[in-house]
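I open this notebook with the structure beside me, and I want to write down what I looked up, in the order I looked. I begin with the whole chain and then turn to single places.

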Amino acid sequence: MKQYFTLLLMVISILPTMADGEAYEPMVREDRVWEYRGDYFLPGEHGIVYHLMRFNGGMEVNGHEYHCFELFKSTFYESVVHEDGYSYEFSREENRDYPKFLLREEPGKVYILTEVFNAGKGTYEDIVQINDDEKLNAIQGNSGGSEYREFLLYDFTKAEGEIHPLPNWLAVDQDYELDRYNCFLIYDDPVTIDDNDCRARHFKISEENEFKPEWSNHKLASYGIQIIESIGVTYNGCLPYFSPFEYLGMMYDSSKLPYRESRLEKVYDAGGNVIFNRTENSEVGVKVTTEIKPNNSDEIYDIMGRRIDRALPGSVYIRDGKKFIGR
């Protein structure tokens, strides 16, 4: 089964074009690691957390092959106040198995598995967020009596000015506030990812029924959420789970998952090379100035988060929160 999904991912990764003939760079692939940064708030402790996520295997649901996007490592830095300011000091590192999400891809389109519920105003869908073995086994065995659908999460086949509904989880099909808005696509300049020019876009969320040309200036788009081909959303969540709205003045705990106001910091390839860096790609030149004191551990991990006994010459590894090349 593992070999099957690896082969399928390889086939997806070499699909050259979408329906309009333009080249397309896939998101669903097992040779990358996504690194997200967000705030966390726990009893007696708060700070920042870095989550590492990746695609790893998958399963069949409703006749479709889905790929598993999982959180596999979290590193916490606690906020420590000093006389001359504050810093973030290493607190702990946790190896994770959950949560997991199920996605599948066609050229230009990425779908996510959802689960159907009946409550309140009627039928609605919620994203399938797998948090434990019991839920994973139920989906794998198609047991538990649940009805599954899928939501078109990303669509790069549409032109600027067209409408693409954004997810409002817990109310995808429900008569909810977001239903009165239209989400118009606005394309930005391409972003270079792994030496490829990838489409990038914002959204204009409006009650208007027609696209206005002045909206093409993405600075007029809603809340600065940017979607980039091959890596997904860069703000307010993570690739499979993000919010179209920014909740100013509110604090959200991202200790278990990149949540609202979390940011995509970096994307790595299989060799540990940074192929996307938020600081370098920021239009306003935002620089991360927070002091972070790393762990003093001698433990060594590869870029996929697996602990190893020794570093091989020429390969990229992580130790004390920093990358190095084995010698």
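The entries below go from the chain as a whole to a run of strands and then to one residue.

Entry one, the whole chain. I note at the start that this is a predicted model. I counted the elements and found 3 helices and 23 strands in the chain. Looking at burial, I found that 48% of the 327 residues are buried. The chain exposes about 16,400 Å², and carbon and sulfur atoms supply 46% of that area. I also looked up the contacts between residues at least 6 apart in sequence, and 58% of these join residues at least 24 apart.

Entry two, confidence. The average pLDDT of the chain is 78, and 70% of the residues score at least 70. Where is confidence lowest, and where is it highest? The lowest mean, 46, belongs to helix 1 (residues 2-13), whereas strand 5 (residues 100-106) has the highest, at 96. I marked residues 4-16, where pLDDT stays under 50 and the model has 24 contacts beyond four places in sequence. I marked residues 170-176 too, where the pLDDT is below 50 and the model shows 20 contacts beyond near neighbours in sequence.

Entry three, strands 1 to 3. Strand 1 (residues 32-42) and strand 2 run antiparallel and are joined by 9 bridges, and within this pairing I found Arg-37 opposite Tyr-50 of strand 2. The two strands form a hairpin with 2 residues between them, and Gly-44 in the turn has a positive phi of about 75°. Strand 2 also pairs with strand 3 (residues 64-82), again in the antiparallel sense, over 13 bridges; here Gly-58 has His-67 in strand 3 as its bridge partner. This second hairpin has 2 residues between its strands, and Asn-62 in the turn has a positive phi of about 55°. Is strand 2 mostly covered or mostly open? I found strand 2 (residues 45-61) mostly covered, with 13 of its 17 residues buried.

Entry four, Glu-25. This residue lies in the loop between helix 1 and strand 1. Why does Glu-25 count as buried? Its relative accessibility is 19%, and buried means under 20%, so Glu-25 falls on the buried side of the cut-off. Leaving out residues up to four places away in sequence, Glu-25 touches Asn-196, Cys-198, Glu-229 and Ser-230. I followed Asn-196 further: Glu-25 and Asn-196 are 171 residues apart in sequence, yet 7.9 Å apart in space, C-alpha to C-alpha. Their side chains make a polar contact at 3.4 Å.

Terms used. Residues are numbered from 1 along each chain as its sequence is written. This is a predicted model: local features need pLDDT of at least 70, side-chain atom pairs count only at pLDDT 80 or more; totals for chains, interfaces and linings use all residues. Side-chain values use heavy atoms; hydrogens and water are left out. Buried means under 20% relative accessible area, exposed over 50%, partly exposed in between (1.4 Å probe, protein chains only). Two strands pair if DSSP finds at least two bridges between them. Contact means heavy atoms within 4.5 Å. Accessible areas come from the Shrake-Rupley method with a 1.4 Å probe; for residues, only the protein chains shown count as cover. pLDDT is the predictor's confidence in each residue, from 0 to 100. A polar contact is a pair of N or O atoms within 3.5 Å; within protein, one must be able to donate a hydrogen and the other to accept it, and residues adjacent in sequence count only if both atoms are side-chain atoms.
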